[in-house]
Amino acid sequence: MAAMPNTHQQPPDADLSTVWLRAFLEVSRYGSFTVAARALGWTQSAVSRQISSLEAELGGAPLFDRLPRGVRLTEAGRVLVPYAESVVEALRGAGRELAALREGTGGRLRFGAFATADAALVPHALAAFHARSPGVRVTREEGFTPALLERLTAGHLDLAVVSTTGHAPLEAYTLHHLLDESLYVAVPAAHPLAGHPGPVRLGRLADAEWISGGTRPEGTLLDAALRAGFRPRVAHVVGEWTAKQGYVAAGLGVALVPALAATAVRPDVALLPVLDDGAPARAVYAATVRGRALTRAEEGFVAALREAASAVPRPMA
């Protein structure tokens, strides 16, 4: 004799409404359709319809025993409770996180910056941002502008602090301007120009030996020397600004220093503002992927970067 089909078996494609689950949990909590309806702000008949729909979707097994006074969970109802609680709490959690994203008080921010920006600009901006949005999870990377832009394009970063040094291709990005960065020239404290009042023209240092991050001036800060009409003689190739200071202090040459690094100079090195009649040494931007809307957290960080940029020292004319 063939077995009778189980009419209470849950269909594999059951599609449960979260409204049904919410009504179910309220009824199980209070043991009453009437009290649950009052808590939900619904009518008792509306609650009853939600429970009937849920029972039907789950194969027809009753979730509550209807008693003379109130209701009580059946075995099927007791099985469903933890799953319903998990779903409803997950949706509440999603709602909280989405609200935090809208308000800029939660979510994540992944950004990168070039090394000189990390000297003062980024730390000041990050401190202000943390104070305003302590719930945002922040991760940071450091690198050269081209590498940061690649990371941005690949979706590994949300925002990158970049510069025009090196003629990086910035056209594909939305650029949030932070500052046009001026230049200083670092000389030994005993250098004849160390006490010079006001900005100096780079041409006065055309015969000096230079310390630079590369052997060629093109695409570096030393582009300013080319604009001034001379090709600088690079005597020492040194990458890090702290190391460059040591070479300058020892009298081994002079070096160009961007304004972002001007606040971290050692006492045996003098900084002279550069009078550059051409374009600024470089522009600094917060770059994002073109066409992508900024989150509230990203907008807040760009605002903090702009505030920090306004405090970067500028040479007096």
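These are my notes on the cores and one helix pair in this predicted model.

**Ground rules.** I number residues from 1 along each chain as its sequence is written, and I use heavy atoms for side-chain values, leaving out hydrogens and water. Local features need pLDDT of at least 70 and side-chain atom pairs count only at pLDDT 80 or more, while totals for chains, interfaces and linings use all residues.

**Overview.** I find nine helices and twelve strands in the chain (DSSP runs: helices H or I, at least four residues; strands E, at least two; numbered from the N terminus). Of the 317 residues, 42% count as buried (under 20% relative accessible area, 1.4 Å probe, protein chains only).

**Cores.** I looked up the largest nonpolar core (buried Ala, Val, Leu, Ile, Met, Phe, Trp, Tyr and Cys joined through side-chain atoms within 4.5 Å). It has 38 residues, and Leu-121, Val-161, Leu-178, Phe-301 and Leu-305 touch the most other members. Helix α9 (residues 296-309) gives the largest share, seven residues. Another core, of 22 residues, lies apart from it and includes Leu-21 and Phe-24.

**Helix pair.** I then checked α5 (residues 121-132) against α9: they pack at about 135°, axes 8 Å apart (lines fitted to C-alpha atoms over the stretch in contact; angles run from 0 to 180 degrees between N-to-C directions). That makes α5 oblique to α9 (not under 35 degrees, not over 145 and not 65 to 115). Among the residues making the contact (heavy atoms within 4.5 Å) are Leu-121 and Phe-129 of α5, and Phe-301 and Leu-305 of α9.

Terms used:
Buried < 20%, exposed > 50% of the residue type's maximum accessible area, 1.4 Å probe, protein only.
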